[in-house]
Amino acid sequence: MKLIVAPAPHAHSGDSVRKNMLNVIIALMPAFIVAMIAFGWGAVITTAVSVCSCVLFEWLICKFLMKERSHVGDLSAVLTGLLLAFNLPCNLPLWIVVLGALVAIGVGKMSFGGLGQNPFNPALVGRVFLLISFPVQMTTWPRPLGFSGSYLDAETAATPLYTLKNAIKAGDSSILDELPTLWDSFSGMIGGSLGEVSAIALLIGFVYLLCTKTITWHIPVSIILTVSLFAVVFAAIAGLPVCTFLGTTLCAGGLMLGAIYMATDYVTSPMTHCGQIVYGIGIGLIVMIIRCWGAYPEGMSFAILIMNAVTPLLNMYIHPKRFGEKKK
Amino acid sequence: MNTFRIGGVHPHDNKEFSAHKQIAAVPLPQKAIIPLVQHIGAPAKAVVAKGDKVLVGQVIAEAGGFVSAPVHSPVSGTVAKVDATTDAWGLPMPAIFIDVEGDEWLPEIDRTADIKTECTLEPKKIINKIQAAGIVGLGGACFPTHVKLLPPPGKVAEVLIVNGVECEPYLTCDHQLMLERGEQIMLGIDLVLKALGIKRAIIGIEKNKPDAIAHMAELAKKHPGVEVKPLALKYPQGGEKQLIDACIGRQVPSGCLPIEVGAVVDNVATLYAIYEAVMKNKPLISRVMTVTGKSVKNPGNYEVRFGTPLAQVIELAGGIPEDTGKIIGGGPMMGRAMQNVDMPCNKRVSGLLFMKKDESVRVEPENCIRCGKCVDACPMGLEPYMLAKLSAAQNWDKMEQLNVMDCIDCGCCLFTCPSHRPLLDYIRYGKGKVGGNIRARQMAAQAAKAAAEAKK
Ligand code: SF4
Ligand code: SF4
């Protein structure tokens, strides 16, 4: 009998890259359903095109440029496609969506050597590229109409954050009356990218991710707490109604989507919990600085990308607590 | 419920195959092969030669130093030769071959089933007896037990921690031993407490063995100072440092022994052996081992005399299953996969595990996705992904800086990695290199010191 000899351990948890990716995809489904309800076929088509082109590009690049076994089966490209779509307005011309997918996969991921090697979140690379190249199309948000409306002629809505920004600039809190109610913001009946609008659906997914131990609480919670604290202090000083300001800040502009699903991307976030908290606080601060004083009304993408760049540094300097470490 | 504070994983415990199977004695072999290296430290030196008659319990090899252990004959008969045999990986090891004749024991050994509770020996004498009986840690490390009972100058023992955790999946021999011979273990604890001159012992048992917890707690009532501590289920709770942390909340500093925090750790099987040696004059000549696996016909707990060919034990368990891909000496987390089963049973083998073919093949590794799960799992608070990367890059100095020598080989990192990275393989290799570097430095420093003194 031929026995297999290999070093210990001889058991494995059964975890795999695919399982983790699948869990994140499942966690995004409630938000996808809300997007379908809010934006109708536009959401479905944009998502389908984005996911398909991401997978296709990954497969093509693996096969013809890198000439190696393709890793499409690990579902990471599907997830990138999904996240990219969630960050786009649902009436974006489809060729722009395809272009975004090409940049996300081609530049954001494969040019660094594929999964695990990229320093920046690929979906965000794609999105920021589109935001800079097509600023008009990327900031024309359709009003949520549901399946009844065709997205081509959807009327566009100012996003809640745009309203906030105006209020901050004018220092006039009466502008805030134009805001959708907090319940609308929370449930998703507001203008915005297709996956970011419903805070509640995103939070349901968060609970799922925590239960399946796909991610830990550290990054999302530290981002959300930092942002909340900042928002409360800022609103109090600027003389804006604290509750409205805080609620809108948290629910709109992809904050939840970013904090729960984009900032927690394994590859581009720190390894240790302590590092993750620093990273989360960093994102929270940067996003609020951009929102309160910068040119863009939302800024989550930029904040995450900037902290992605800091991640290697955090990994180098922040180490986990060692067993039996002597107190210095 | 108590457990250790950093890292850890939850492997499926798979204990149902052999749990609660009565300890069964394996018949004597016709020829026994007794290895001279069954412990950590200097090899034992044979004191018998071809043609000598030996009795069960007689010393056949004496300890090769302070950190070493003598070997006693587990059988009676005639020494056939003192020669090399091969271990489970085809490497030569020195051994004594005995042709078994009957089963005659040294007269001073008490073979009755009576439980002897009275011990009038002084502490020093108890330790001497333990040393003379060749007792080593039976949890797997095989470190000579008497060494632990003699704390180095300046260190004092405060508490005895008894390892009844058996955190390795599949293994059940310690569990069964506690159920069947709990009283003897308790008496062993009393003896060690006396030897160390301390009053407190804590038995750590994981909560997947509720019957053992209840049984030992009941017995502990009659043994003042002995306390049973139920522990939450988590691997590697049986690791010395983890167990101390779980039981008394103290962390042994990096590079130190448990005595640094006042703890002495012994496994339940070792304590049973101590009882037998001190009270019944019976040296360490047998142990209980688990033979198990998903397709094994008669999985169970077997008491085997050392020197018995493993093949004989396997036969009793129903032979090697058809679909076996790997045979592991020990449990699946830290046990070693064997190349053959020609080896005789010895102090080191706590179990035989037959893994099915489909469970035996490792999954192809993928890129590290930097998920940090290995960092979370490491019970020593290391960064396995980083150590593995440094090892691949042969950056030994950086590995040393990141405390690779703290690694306890538990395998949690590899167990947990979703990309199936062979983390521990890399880390072990690097640890070997770093250890070599450290020793070389120490030697150079010593040589320099000696040279400086010679000059004076
Ligand atoms: S084997 Fe070493 S590095 Fe891996 S988890 Fe265990 S202690 Fe940590
Ligand atoms: S668990 Fe595996 S994939 Fe995750 S960081 Fe560690 S080595 Fe990388």
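## The β7–β8 pairing in chain B

In this predicted model, strands β7 (residues 77-86) and β8(B) of chain B run antiparallel and are joined by nine bridges. The two strands form a hairpin with five residues between them. Within the turn, G90(B) has a positive phi of about 80 degrees. Two facing pairs can be located along this hairpin: V79(B) stands opposite I98(B) in β8(B), and K81(B) has F97(B) as its bridge partner.

Each strand of the hairpin also has a further neighbour. Strand β2 (residues 31-35) of chain B is joined to β8 (residues 92-100) of chain B by five bridges, again in the antiparallel sense. In that pairing the bridge partner of I33(B) is F97(B), and F97(B) is also the bridge partner of K81(B) in β7(B). On β7(B), two bridges lead to strand β4 (residues 53-54) of chain B, and these strands run antiparallel. V54(B) has G77(B) of β7(B) as its bridge partner.

## The six-stranded open sheet

Chain B contains an open sheet of six strands with mixed pairing, in the order β1-β14-β13-β17-β15-β16. Its edges are formed by β1 (24-25) and β16 (336-337) of chain B, each of which pairs on one side only. The contact of edge strand β1(B) with strand β14 (residues 300-305) of chain B is parallel and extends over two bridges. Here A24(B) stands opposite Y302(B) in β14(B).

Helix α3 (residues 173-196) of chain B lies across two strands of this chain, β13 (286-293) and β14. The angle between the helix and β13(B) is about 125 degrees.

## The three-stranded open sheet

A further open sheet in chain B has three strands, in the order β3-β5-β6, with antiparallel pairing. The edge strands are β3 (45-46) and β6 (71-72) of chain B, and each pairs on one side only. Strand β5 (residues 59-62) of chain B pairs with β6(B) over two bridges in the antiparallel sense. In this pairing V59(B) has H72(B) as its bridge partner.

## Backbone geometry

Most residues other than glycine have a negative phi, and most peptide bonds are trans. Against that background, three sites in the two chains deserve notice. In chain A, the peptide bond from A8(A) to P9(A) is cis, with omega near -5 degrees. P9(A) belongs to the segment before α1 (17-39) of chain A. In chain B, a cis peptide bond joins Y235(B) and P236(B), where omega is about -5 degrees. P236(B) is placed in the loop between β11 (226-231) and α5 (240-248) of chain B.

The remaining site is K213(A), a residue other than glycine with a positive phi, near 55 degrees. K213(A) is found in the loop between α9 (199-211) and α10 (218-238) of chain A.

## The interface between chains A and B

The size of an interface is often given as the accessible area lost when the parts come together. For chain A and chain B the buried area is about 4,300 Å², and carbon and sulfur atoms give 56% of this value. H10(A), M271(A) and F323(A) supply 22% of the area that chain A buries against chain B, more than any other three residues. In terms of residues, 42 of chain A are in contact with 62 of chain B.

Polar and charged interactions also cross this interface. The count of salt bridges between the two chains is two. K373(B) forms a salt bridge with D15(A), in which the closest N and O atoms are 3.1 Å apart. Across the interface, 25 residue pairs are in polar contact, with both residues at pLDDT 80 or more. The side of chain A that touches chain B divides into 17 nonpolar, 18 polar and seven charged residues.

Key
Residues numbered from 1 in each chain as written. Chains lettered and ligands numbered in written order. Predicted model: local features only at pLDDT ≥ 70, side-chain atom pairs only at ≥ 80, totals over all residues. Heavy atoms only, no water. Contact = heavy atoms within 4.5 Å. Buried area = accessible area lost by both parts, 1.4 Å probe. Salt bridge = Lys/Arg side-chain N within 4 Å of Asp/Glu carboxyl O. Polar contact = N/O pair within 3.5 Å; in protein donor to acceptor, adjacent residues only side chain to side chain. Nonpolar A, V, L, I, M, F, W, Y, C, P; charged D, E, K, R; others polar. Pairing = 2+ DSSP bridges. Helix = DSSP H or I, 4+ residues; strand = E, 2+ residues; numbered from the N terminus. Axes fitted to C-alpha atoms, helices over the stretch in contact; angles between N-to-C directions.
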